[in-house]
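Dear colleague,

Here is the structure I promised to pass on, and below it you will find my notes on a few places that seemed worth opening in a viewer.

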Amino acid sequence: MDQDYISMWQNLGIDLENHDCLLKALAEFYQQIYLSQEKRPEGMKYFDFVISEAHGLRIKELLEAKKQGKKVIGTFCVYVPEEMILAVKGICVGLCAGAQIGFDEAEKVLPKNTCDLIKAFIGFKLTQVCPYTESCDLLVGETTCDGKKKAYEILDKLTRKVYVMEVPHRKTEVSKELFLKELFNFKEKLEEISGQKMSLETLREGVKIVNEKRKALMRLESLRAHDPVPISGLDALLVDQIAFYDAPIRFTQKVNELCDELEERVKMGVGVKPKGTPRVLITGCPFALPNWKLHHLIEASGAVVVGEESCVGRRYYHTLVPENFNSVKESIKALAERYLNTHCACFTPNTERIEDIKNMAKELNAQGIIYYSIQFCTPYLFEAYQVEKALNFPFLKIDTNYSTEDVGQIKTRVEAFIETL
Ligand code: BJ8
């Protein structure tokens, strides 16, 4: 391991022993799941590189930027507008965690029946393995589900860096006003921490950068509609996961290059799986990096994942922010409207999500839907019933966690489901 990186991690307060275990496990897992795939597009090499340097080069970049006065802002939810972070010359990084690290420690401060996504970000902090969390100047929580709300109180005790943004749970006029006010409060907080003014010009730039990123991700998703599919669900998921922490302009360029290659593949009828491979859409909880379990099981069972109605997926890039605003106030209004038009199960009612799933299944030519919930995630577990009833589509519900204990059982269920498609 590069001595520079070791000193960098030490300076960040990383526990080198725990961190080493994490990196070794990740490298092994990546080799088994990702690098063993056949017919991967050449364009995935960049994303392989990003993963290999996720705790190295990217952290170095963040620390260099901090030296130049930029602030690193960590987020946990797609209701927090990254455009506003860019508009104060900040860097936005997603901090949700997708691995079973530090759970023994986390269970000392959290109830056992907490979802693994929460246990993981608290566990990462308690075991000091995440250089992203340690590089952040501000950690932005939000009032979505109960577990997250209470976990942010604990995270603040551990870091003294948490700011909580209020996200309403309904889409009424009152809620819309509240969210708009919250975005103005967020603006003030960002200006205070960065010492930068959010201007019409910087907001225009931030919106443009994030719109371009979302357009590239939409382009990638639309290419998955083809049969044979030019990219595996695992690789597309990886790109969506990396969207939360790579430098946005570079990332967009690399996604577009990948899409150019995939378009060529489509023209030539080249796919990662044979034409006619059963096609599955996943809906439900987010897949924080490195949570690849379900995609791997589905694709190892002979199907291909063609889309994710998830926050690591369509819910992140569903729409763009209109760029025709003429004042700071107008831009924040446009952001509030766009962000509140995201359909998370923390909202009630949330019937728009059902329409989103139907549209995605149609657009991506899915033959079956797998509903994914993380164990103990009340909002998504509750919504499964209504979604299944409303869809009238081949449907399989998987309620799981980050462990590998249930892998055999899930594989059996997934294989049986795929046979019916
Ligand atoms: S917009 S899905 S990122 S809140 S899995 S912590 S909901 S108990 S992550 Fe989410 Fe924002 Fe919604 Fe998306 Fe709670 Fe469920 Fe755990 Fe969850």
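I begin with a turning point in the backbone: Gln128, which follows helix H7, has a positive phi, near 55°. Please keep in mind throughout that this is a predicted model, and that the values below were computed from it.

Helix H7 itself spans residues 116–126 and is mostly covered, with 10 of its 11 residues buried. The buried residues include Leu117, Ile118, Phe121, Ile122 and Phe124, but also the charged residues Asp116, Lys119 and Lys125. What do the buried residues of H7 pack against? Their partners are helix H6 (103–109), H8, helix H9 (146–159) and strand E7 (368–374).

One of these partners, H8 (residues 131–135), leads on to the aromatic rings, of which a search of the whole structure finds 16 pairs. Tyr79 and Phe347 form one that is tilted, with 5.4 Å from centre to centre and 35° between the planes. This pair links distant parts of the chain, since Tyr79 belongs to the loop between strand E1 (72–75) and helix H5 (82–86), whereas Phe347 belongs to the loop between helix H16 (328–340) and helix H17 (352–363), 268 residues apart. Tyr79 counts as buried because its relative accessibility is 1%, and Phe347 is likewise buried, with a relative accessible area of 3%.

A second pair is made by Tyr132 and Tyr245, whose ring centres are 5.2 Å apart and whose planes meet at 65°, so the pair is edge-to-face. Tyr132 lies in helix H8 and Tyr245 in the loop between helix H12 (233–242) and H13, so the pair ties together parts that are 113 residues apart in sequence. Both of these tyrosines, Tyr132 and Tyr245, are buried. Elsewhere, Phe29, Tyr30, Tyr34 and Trp292 form one aromatic cluster.

Phe347 has a further partner, in that Lys171 lies over the face of its ring, at 4.7 Å from the ring centre. Lys171 is placed in the loop between strand E4 (162–165) and helix H10 (173–194), and it is partly exposed, because its relative accessible area is 21% and the cut-off for buried is under 20%. The side chain of Lys171 also reaches the backbone oxygen of Thr342, at 3.1 Å. Beyond its neighbours within four places in sequence, Lys171 is in contact with several residues, among them Leu340, His343, Asn350 and Glu352. The C-alpha atoms of Lys171 and Thr348 are 8.0 Å apart, although 177 residues separate the two along the chain. A charge over a ring is also found at Arg214, whose charged end sits over Tyr316, 4.8 Å from the ring centre.

The last place I would ask you to look at is Arg265, in helix H13 (residues 248–268). Which side chain of opposite charge is nearest to Arg265? It is Glu261, at 4.3 Å, and Arg265 is buried yet has no salt bridge. The side chain of Arg265 does, however, reach the backbone oxygen of Arg40, at 3.4 Å. Apart from neighbours within four places in sequence, the residues in contact with Arg265 are Lys39, Arg40, Pro41, Pro230, Val270 and Val272.

With best regards

Definitions and conventions: Residues numbered from 1 in each chain as written. Predicted model: local features only at pLDDT ≥ 70, side-chain atom pairs only at ≥ 80, totals over all residues. Heavy atoms only, no water. Helix = DSSP H or I, 4+ residues; strand = E, 2+ residues; numbered from the N terminus. Buried < 20%, exposed > 50% of the residue type's maximum accessible area, 1.4 Å probe, protein only. Salt bridge = Lys/Arg side-chain N within 4 Å of Asp/Glu carboxyl O. Polar contact = N/O pair within 3.5 Å; in protein donor to acceptor, adjacent residues only side chain to side chain. Contact = heavy atoms within 4.5 Å. Phe/Tyr/Trp six-rings, centres within 6.5 Å; stacked < 30°, edge-to-face > 60°. Lys NZ or Arg CZ within 6 Å of the ring centre and 35° of its normal.
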